[in-house]
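Trainee: I would like a close look at a single part of this structure, please. Pick one, and tell me how that part sits in the whole.

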Amino acid sequence: MKLLLASGSPYRRELLARLRIPFDCASPDIDETPSADESPQDYVTRLAHEKARALTAQYPQHWIIGSDQTCVLNNQICGKPGNHDNAVAQLQRANGQRVSFYTGLCLLNSASGEYYSLTEPFHVHFRNLSHAEIEHYVALEQPYDCAGSFKVEGLGINLFEKLEGRDGNSLIGLPLIGLIDLMRKAGLNPLELAQ
């Protein structure tokens, strides 16, 4: 069986390529609206599973990887900012705060329906930044498609004083340590599959 990444994200694609396992990519089309009273953890786990499940008919002989991430500040989900003003406002709210990220991950066998899933937490502590620093950062990086309004793989590392979690790749949207755990549970050995 082949591996399929259920995502159009170039960031997730780049991360998965590090494992040196051949894979295909496809973007699922699902409704990402949170359900009423759904916790952030339940929300991302559900979306990861729905993303994987949405591609089973098109890819009937694959292990499908679904992943979804959300950013939580003061018990509120923060989505992707979409534009400059929203990114600046989101970073102003995060300024000097501890922000939590939850990444839902699902590995689904499209032939059998068998699946494995987890939710990976990661926390960042933002520095106290001036408005000018935030404006300059957003103008340079334009993190409009990133939950939390930063790119940790770029200049975003400047925004933090501390990181807490098992796998820093979680901040980019695909926790590789968790994925390797799920693959091993499914009987797939990433080291044996690497090329």
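**One helix and its surroundings**

Mentor: Gladly! The accessible surface of the protein chain comes to about 9,500 Å², and carbon and sulfur atoms account for 46% of that area. Keep in mind that this is a predicted model. Let us set the scene before we zoom in. The protein chain has six helices and seven strands, and along the sequence they follow the pattern β-α-β-α-β-β-α-β-β-α-β-α-α. The radius of gyration is 17 Å, close to the 16 Å that the globule rule gives for 195 residues, so the chain is as compact as a globular protein of that length. Its C-alpha trace spans about 50 × 40 × 25 Å along the principal axes. Of the 195 residues, 49% count as buried.

Now for the close look: I have picked helix α3, which runs over residues 84–94. Start just before it, at asparagine 83, which caps the N-terminal end of α3. A side-chain oxygen of this asparagine lies 3.2 Å from the backbone nitrogen of aspartate 85. Moving along the helix, you find that Ala87, Val88, Gln90, Leu91 and Ala94 are buried. Why do these five lie on the same side of α3? They do so because they cover an arc of only 165 degrees around the axis. And what do the buried residues pack against? Their partners are the strands β3 (62–73), β4 (76–78), β5 (98–109) and β6 (115–126), together with helix α4 (131–141). After the helix comes glycine 96, with a positive phi near 75 degrees.

Let us step back to the interior. In soluble globular proteins, nonpolar side chains tend to be buried together. Here the largest nonpolar core has 41 residues, and Ile65, Leu107, Phe126 and Phe150 have the most contacts inside it. Our helix α3 supplies at least two residues of this core, as do β1 (2–6), α1 (10–17), β3, β5, β6, α4 and α5 (176–185). A second, separate core has ten residues, among them Ala48, Ala52, Ile64 and Cys106.

To see one core residue with its neighbours, find phenylalanine 150. Leaving aside residues up to four places away in sequence, Phe150 touches Phe101, Phe126, Tyr137, Pro143, Gly156, Leu159, Phe160 and Leu171. Across the protein chain, 67% of the contacts with a separation of 6 or more join residues 24 or more positions apart.

Note on methods: Residues are numbered from 1 along each chain as its sequence is written. This is a predicted model: local features need pLDDT of at least 70, side-chain atom pairs count only at pLDDT 80 or more; totals for chains, interfaces and linings use all residues. Side-chain values use heavy atoms; hydrogens and water are left out. Buried means under 20% relative accessible area, exposed over 50%, partly exposed in between (1.4 Å probe, protein chains only). Helices (H or I, at least four residues) and strands (E, at least two) are DSSP runs, numbered from the N terminus. The arc is that of the directions from the helix axis to the C-beta atoms. Contact means heavy atoms within 4.5 Å. A polar contact is a pair of N or O atoms within 3.5 Å; within protein, one must be able to donate a hydrogen and the other to accept it, and residues adjacent in sequence count only if both atoms are side-chain atoms. A nonpolar core is a set of buried Ala, Val, Leu, Ile, Met, Phe, Trp, Tyr and Cys residues joined through side-chain atoms within 4.5 Å. The radius of gyration is taken over C-alpha atoms; the globule rule is 2.2 Å times the number of residues to the power 0.38. Accessible areas come from the Shrake-Rupley method with a 1.4 Å probe; for residues, only the protein chains shown count as cover.
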